[in-house]
Amino acid sequence: MHQQLSVSNATNQDAALLRLALVLKEGGYRFTTITPATHARVNGRPGNEWAKDVEGVFGWSRPFRPHILPPPLFALMHAAGIAIRHGEGWRSLIRASTLHDQFFLHSAYPTTDAEAVFFGPDTYRFTAALSSHLALRTRPVRRAIDIGCGAGPGAIVVALERPDAEVLAVDINDAALRLTTLNAALAATPNIVPRHSNLLSEVDGEFDLIIANPPYLLDRAERAYRHGGGGLGEGLSLAIVDAAMNSLAPGGALLLYTGVAIVDGFDRFYASVVARLNDADVAWDYREIDPDVFGEELLEPAYAETDRIAVVLVTATRTL
């Protein structure tokens with residue numbers, strides 16, 4: 001049975017998990033996490049039933065036999081509580097990915113648990129867009145927030161590029177906040193403040209930068225890391241736009257990376273954004289940055305009339 005990382009006994013387990021990540025990082029481990037569909041295809045190839053190396057264990061989430069890992073690394077897995085039995089071998093409850101020369105812990109494949117902490121191609125596109133935004137931004141960022149931070153990649157990018165800023169990383173998932181804390185330690189970003197909050201409901205004040213890469217699909221199980229709600233997955237993204245408009249400081253910016261369902265050539269999310277931002281005191285931009293993602297979702301009944309799912313980037317800057 002697949003289990004989620006526990007937040008109990010966090011002190012000892014987190015220390016072991018942090019040490020394990022450092023051993024992997026110092027050993028030159030690198031892994032790019034791909035879409036679940038591609039991951040399934042690659043793992044389904046003959047010969048990929050069992051891990052043959054460290055990347056197979058911590059990247060491809062394949063079952064492994066103990067001789068694959070150095071004994072100290074296997075011992076750290078047990079101390080961290082992430083090694084579980086799998087037939088005649090073991091599996092890891094976590095994956096490790098590299099991005100922007102940083103190291104991130106997140107949930108193992110497949111991410112079926114309700115509290116799974118997702119990381120994948122959206123993460124790479126989101127952080128690339130965020131880095132570009134920060135490179136062009138001339139106004140200071142004193143206070144920033146990453147809504148639905150997940151494993152913390154967005155917050156960490158901001159914290160690294162704006163080390164003097166206070167960067168809040170908020171989520172409703174305690175497992176996500178735990179991994180954000182560990183990943184922030186790995187990135188040496190003490191200016192990150194993880195906090196439990198549903199959107200901005202449990203934080204105060206205004207922000208110079210609000211970022212979000214929320215779930216945007218309709219998930220039958222309504223798993224928090226994947227389910228966007230609304231008619232076609234846009235509900236959470238629209239709620240983030242509404243919350244941000246009430247919390248941007250003068251000159252502050254919202255950067256929202258999300259997915260939209262296109263039906264008969266019509267982007268209903270865009271229409272909803274226009275209605276909101278045209279009435280707000282902001283300058284804004286809406287760009288489609290990938291026209292076709294998660295094509296397998298079109299087989300789901302909820303998307304029976306959908307042409308495609310696209311990725312868009314919404315930016316809105318509060319006028320002075």
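Charge, compactness and burial in a predicted chain

The protein chain carries 27 positive and 37 negative side chains, and the centres of the two sets lie 6 Å apart. Lys and Arg count as positive and Asp and Glu as negative, with His and the chain ends not counted; each charge is placed at NZ of Lys, CZ of Arg, CG of Asp or CD of Glu. This is a predicted model, in which local features need pLDDT of at least 70, side-chain atom pairs count only at pLDDT 80 or more, and totals for chains, interfaces and linings use all residues. Residues are numbered from 1 along each chain as its sequence is written, and side-chain values use heavy atoms, leaving out hydrogens and water.

Q: What makes the protein chain as compact as a globular protein of that length?
A: The globule rule is 2.2 Å times the number of residues to the power 0.38, and the radius of gyration is taken over C-alpha atoms. For 320 residues the rule gives 20 Å and the radius of gyration of the protein chain is 20 Å, so the chain is as compact as a globular protein of that length.

Q: Why is Thr98 called buried?
A: Buried means under 20% relative accessible area, exposed over 50%, and partly exposed in between (1.4 Å probe, protein chains only). Thr98 has a relative accessible area of 7%, and is therefore buried.

Q: Which residues does Thr98 touch, not counting residues up to four places away in sequence?
A: Thr98 touches Tyr29, Arg30, Phe31, Phe103 and Tyr124, where contact means heavy atoms within 4.5 Å.
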